[in-house]
4 protein chains.
Amino acid sequence: MIKVGIVGGTGYTGVELLRLLALHPQVELAAITSRKEAGMRVADMFPNLRGHVDLAFSDPEQADLASCDVVFFATPNGIAMQQARELLAAGVRVIDLAADFRIKDLVVWSKWYGMEHACPELVEEAVYGLPEVNREQIKTARLIANPGCYPTAVQLGFLPLLAAGVADTSCLIADAKSGVSGAGRGASVRALFAESADSFAAYGASGHRHLPEISQGLAGFSGKNVNFTFVPHLTPLIRGIHATLYARVTHGVDIQALFEQRYQNEPFVDVMPAGSHPETRSVRGANTCRISWHRPQNGDMVVVLSVIDNLVKGAAGQAVQNMNIMFGFAESMGLELIGLLP
Amino acid sequence: MIKVGIVGGTGYTGVELLRLLALHPQVELAAITSRKEAGMRVADMFPNLRGHVDLAFSDPEQADLASCDVVFFATPNGIAMQQARELLAAGVRVIDLAADFRIKDLVVWSKWYGMEHACPELVEEAVYGLPEVNREQIKTARLIANPGCYPTAVQLGFLPLLAAGVADTSCLIADAKSGVSGAGRGASVRALFAESADSFAAYGASGHRHLPEISQGLAGFSGKNVNFTFVPHLTPLIRGIHATLYARVTHGVDIQALFEQRYQNEPFVDVMPAGSHPETRSVRGANTCRISWHRPQNGDMVVVLSVIDNLVKGAAGQAVQNMNIMFGFAESMGLELIGLLP
Amino acid sequence: MIKVGIVGGTGYTGVELLRLLALHPQVELAAITSRKEAGMRVADMFPNLRGHVDLAFSDPEQADLASCDVVFFATPNGIAMQQARELLAAGVRVIDLAADFRIKDLVVWSKWYGMEHACPELVEEAVYGLPEVNREQIKTARLIANPGCYPTAVQLGFLPLLAAGVADTSCLIADAKSGVSGAGRGASVRALFAESADSFAAYGASGHRHLPEISQGLAGFSGKNVNFTFVPHLTPLIRGIHATLYARVTHGVDIQALFEQRYQNEPFVDVMPAGSHPETRSVRGANTCRISWHRPQNGDMVVVLSVIDNLVKGAAGQAVQNMNIMFGFAESMGLELIGLLP
Amino acid sequence: MIKVGIVGGTGYTGVELLRLLALHPQVELAAITSRKEAGMRVADMFPNLRGHVDLAFSDPEQADLASCDVVFFATPNGIAMQQARELLAAGVRVIDLAADFRIKDLVVWSKWYGMEHACPELVEEAVYGLPEVNREQIKTARLIANPGCYPTAVQLGFLPLLAAGVADTSCLIADAKSGVSGAGRGASVRALFAESADSFAAYGASGHRHLPEISQGLAGFSGKNVNFTFVPHLTPLIRGIHATLYARVTHGVDIQALFEQRYQNEPFVDVMPAGSHPETRSVRGANTCRISWHRPQNGDMVVVLSVIDNLVKGAAGQAVQNMNIMFGFAESMGLELIGLLP
């Protein structure tokens, strides 16, 4: 049993962490903080948790986070970097679900996130929490930068091609579609039901914060810089990301075998049979990334289709997966979830 | 460990049974039949089950159902009554998720279901599987008539008032709303996305098959016939039933206490605080019936709000709950599910 | 040609007025005001209007509303009552789409709307703009209180029964369901897509502002006070209201004939054949109220089903209908709209 | 006034033609045929048309189509080619909304549509009804091949770049997303609400029938063969197509000016300001194609965003536009429609 704290539990990644951790056999939920809602019972805000979570939100100043074994930050960008140093010093391990520690190049980070970094030395130390790439480092990490939702779906889709060196890195494209929960639980006009239901649109086509995070990862896989185009879209789903990836293959290669071998020991990446089209609903509520690929008209263009639940494998589920690895639990403990279909 | 068979697993109650049973610690899935899809792997039809269910559909003639401990019928009405006698004779317990054994009055049953009953003697023996009412009989039952989705939500909402004799039974109304999965997985124009999304309508307002089932239950609770009006509606949800119930109270009574006492030991009925409005999403994927009530302008009209997931507490989840009771497992085994919110 | 002004055009009733008025052959759009968005082109906020509306929002202080023939208030409650006196004095006719002038009893109004009324004498003068009831008074009115969305659907559904005196007024129930656009275009957590999609819930079951408005109307139809229960629900539609009405008939009566006769000359009320179930989508974007009724099991309970588009017949369309009547145009001018199905 | 017939009016393009033609000032609806529904009143199937269309479906054998001025085929592929010859011989002009006459290369057509062509000589004569490209030929055409929905959105998005010769034609990509009404009104499991709501997936990634139609068009614009990749996706919209197009520019060029000049006289193509993201809802119910473009990180990759309503500009609306051109009516007659937003 480990003691777990959550900072900032009133958003969608917060309630999703609670849904997963409440049933985790090795977790004792010790504290969940919210400055604004301190004193409110968590289950009054999220009635699905009635009967499962008895905690109330506590004031961040008063919560005894230092006695936790691990603290998750389900906060806006820029919060975790203010508090991580102190927690780490107290021997607490930290998993940040926001973007504070994801990008190694601080100049790039500051440009895209519009602030100075509060603890650059921890950026260097932080491990990027994509278990399929960094499992060994995660085991001993004190500080995890949990990947973004788009970056998880896109990187896992490109990884086998780039690691094998069979794709033309001068033109990689990710046309990605996200459900509306990705916009968070904050009140906004754009995310209103009457604005985003029965409509489809791109956004951030000229530049999105997940671009540098993905580019950094793709460069790592291929060992060189890549030329990467990223266009995100909002689609009327609650949950789900579908990434459609375009790359030209430069060598003859058995793509199905390449994907299956790369992911054969991965509990949360499912390579479908050739010719499949993964549906986001097949991973709704589950920690799975489901992947297939196509080669239209047998040309050199490969189209990879990669789906996740943005709140699970794209956020809270992957964070719990990282926690399991860090504490030596079975990697799928508390994550044996089947997608809710229909 | 018990051996479990499912007859007719290609519909929504079938895949939902599989989602629940695949993770049940005391269940070995022995067979799932489908005449039409025999030989197809279940996970090829329902990709959310990939990695969780290895079975293929088997031909009903060849499946060794007689060696199962329990068989679920997730079939259209009229199938279970053809096969139940033989299975029971072989010592197999049977849980029918269709309507074959729900209504005790065979004349009424034949009128609403349009066929003669194939084994009237089993109708008498069958136990109506609403655990909150019939738990003791369920323990020893050989044959369970699993309640309909609307009947579950409506009966649990009216039960405390009628059992206490505080409601005017001359005018009970249930205005009920269901998600589209209630219409099943069969191809139909009416259930097309382009027909049922962004629209709302009543159906069967002049008469619906769940009317006699509910009336039978309400009469049982109150010890006399009731005058009951039932209007179902189709709403653009995948899952969920919301029943809005209207009754006049005839005696001074503490309604909140009445509901809380009636359900205090029930693991799957959640009475919310006074003044609450339960949301269907709070039980999405969970086996919970969540209830609250209102008394507008402090008059004698009581409005009860009752929500369930039609595929879980309204079908497959309740069936598993019945199975747990029948085999002496913890009643909530395999059913510790938290609603998927958002 | 008349000159038309709109006060407060950034909400959903505002953009819907623009959609209708932009194509109205007798209307010149003179001004649309918004304090917050002054200077912004209307079509930049609502791109569906590109190529149809060239206006920019103007500051309310600077807009020359006094030179308009008619001004619509598409504002929150409490604004129109501040400005109507001055406009009327300038000879401008006023149509208020909010609730300032709907309720004749000022004590009731203040209780439900939580403010003192700024011009009680105009409440008396104002005509309640339900053309099917008050067409003659509308013709000469200076000030119209445009009905609320729920009140339109509910009143038109009950009207024939109550006007004929065949319903028991001691127990009238309206179980009403609304799309999310009824909550307006203001940022709010509750109306987020991720909160209100794929979920269904009641709200305001203990009391909603439209209750006194409807009760006032029903009492007028029946010539005596009524005992009325009103439970609104939020359903995942963008547009649409479905009211399910319950009343007991006290006299033998041909209900179909009653409804057909009452509405035979009404261009915007469509009585469907007996046994029909109107769908909200059949009036999506149209100014129609579509009605049918049922008498389950031939008892004395009558169930009336009434659907409207909350933004058209429930708001902007009815307002234009009132304008047409006031200025002697054909009542359906600019309103010959066919529901968008699918 | 012209007399208009519709063959096959029970699908979504049929009801959409009726919605548009019922209010067209120069059209008399003479006949609408359906073998299966002969005798049924159109408005009984599509209640949005109540009060607007009085016709009943007539048997195709008995309908006097030869006396019409123009006949629309809103039929499955392979029907129009059986009947067009006879109608043309009778002096009737024909607009086929299916694919029978879209592809000039009959070998290609037969491969993708799986049948022999019944009247090859008419394929040659038929004019591809994309007014923005072929307006002059449409004026005098006897037979129009109305473009597919995806082809309309994709071709209008690529046209300015290809016609100007500034794009690298060796790698053109269209990542397209369609609402579910594009699958038609036939009963199917895949298009059920419970299957396609709250989910997103690609389909036909290895090859879709609209690929050769689009390739033919793009080759025409650029004067040479193109290497084109097309991946369609199903998104939970009723109506709407969003095409995201990727091309590399090979010359310095003012892209905004290029698009604005190409479409400056087009009534139904709207080039948005630079940096915009068109939403499908902005054209819901309207005959508009709305376009913008981006150049991420100022590289040589251009991303064009193009949206239409698949049933209007992608089918029935474009067909009426073609009819207007053929008969010398104002091109926008009956098509002055504003998108239904919200």
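**Domain and chain contacts in the predicted model**

Asp198(A) pairs with Arg284(D) in a salt bridge, with 2.7 Å between the closest N and O atoms; the term stands for a side-chain nitrogen of Lys or Arg within 4 Å of a carboxyl oxygen of Asp or Glu. The model is a predicted one, so to speak of local features takes pLDDT of at least 70 and side-chain atom pairs count only at pLDDT 80 or more, while totals for chains, interfaces and linings use all residues. As for bookkeeping, residues are numbered from 1 along each chain as its sequence is written, chains are lettered from A and ligands numbered from 1 in the order in which they are written, and side-chain values use heavy atoms, with hydrogens and water left out.

That pair belongs to the interface of chain A and chain D, where the salt bridge count is six. Polar contacts there come to 31 residue pairs, both residues at pLDDT 80 or more; such a contact is a pair of N or O atoms within 3.5 Å, where within protein one must be able to donate a hydrogen and the other to accept it, and residues adjacent in sequence count only if both atoms are side-chain atoms. On the side of chain A that touches chain D, two or more residues come from each of β7 (172–178), α8 (193–196), β8 (201–202), β9 (228–234), β10 (241–248) and β13 (301–308) of chain A. Helices (H or I, at least four residues) and strands (E, at least two) are DSSP runs, numbered from the N terminus. By residue class, this side of chain A splits into 23 nonpolar, 15 polar and nine charged. Here Ala, Val, Leu, Ile, Met, Phe, Trp, Tyr, Cys and Pro count as nonpolar, Asp, Glu, Lys and Arg as charged, and the others, Gly among them, as polar.

Each of the two chains puts residues into this contact: 47 from chain A and 47 from chain D, with contact taken as heavy atoms within 4.5 Å. About 3700 Å² is buried between chain A and chain D, 52% of it on carbon and sulfur atoms. Buried area is the accessible area (1.4 Å probe) that two parts lose on being put together, summed over both. As for symmetry, chain A superposes on chain D by a rotation of 180° with 0.0 Å of shift along its axis, at an RMSD of 0.0 Å; the fit is by least squares on the C-alpha atoms of residues with pLDDT of at least 70 in both copies. The two copies are thus related as by a two-fold rotation axis. Pro236(A) has the C-alpha nearest the axis in chain A, 3.1 Å from it. Of the interface residues of chain A, 100% are also interface residues in chain D, so the copies meet through the same surface.

Chain D also meets chain C, with 32 residues from chain D and 32 residues from chain C in the contact. These two chains bury about 2700 Å² between them, and carbon and sulfur atoms account for 66% of it. Arg50(D), Ile338(D) and Pro342(D) lose the most area to chain C, together 27% of what the chain D side buries. Arg50(D) also shows up in a salt bridge with Asp270(C) (2.6 Å, N to O), and the count between chain D and chain C is two salt bridges. Ten residue pairs, both at pLDDT 80 or more, are in polar contact across this interface. On the chain D side, α1 (12–21) and β11 (269–271) each supply at least two residues, and α1(D) gives the most, with four residues. That side holds 17 nonpolar, six polar and nine charged residues.

Within chain A, the division is into domain 1 (2–125) and domain 2 (149–310), with bounds from an automatic or database domain assignment. Their C-alpha centres lie 27 Å apart, and 15 residues of domain 1 are in contact with 13 residues of domain 2. The two domains bury about 1200 Å² between them, with 52% from carbon and sulfur atoms. Tyr12(A), Arg102(A) and Trp112(A) supply 51% of the area that domain 1 buries against domain 2, more than any other three residues. Two salt bridges cross this interface, and Glu16(A) forms a salt bridge with Arg239(A), the closest N and O atoms being 2.7 Å apart.
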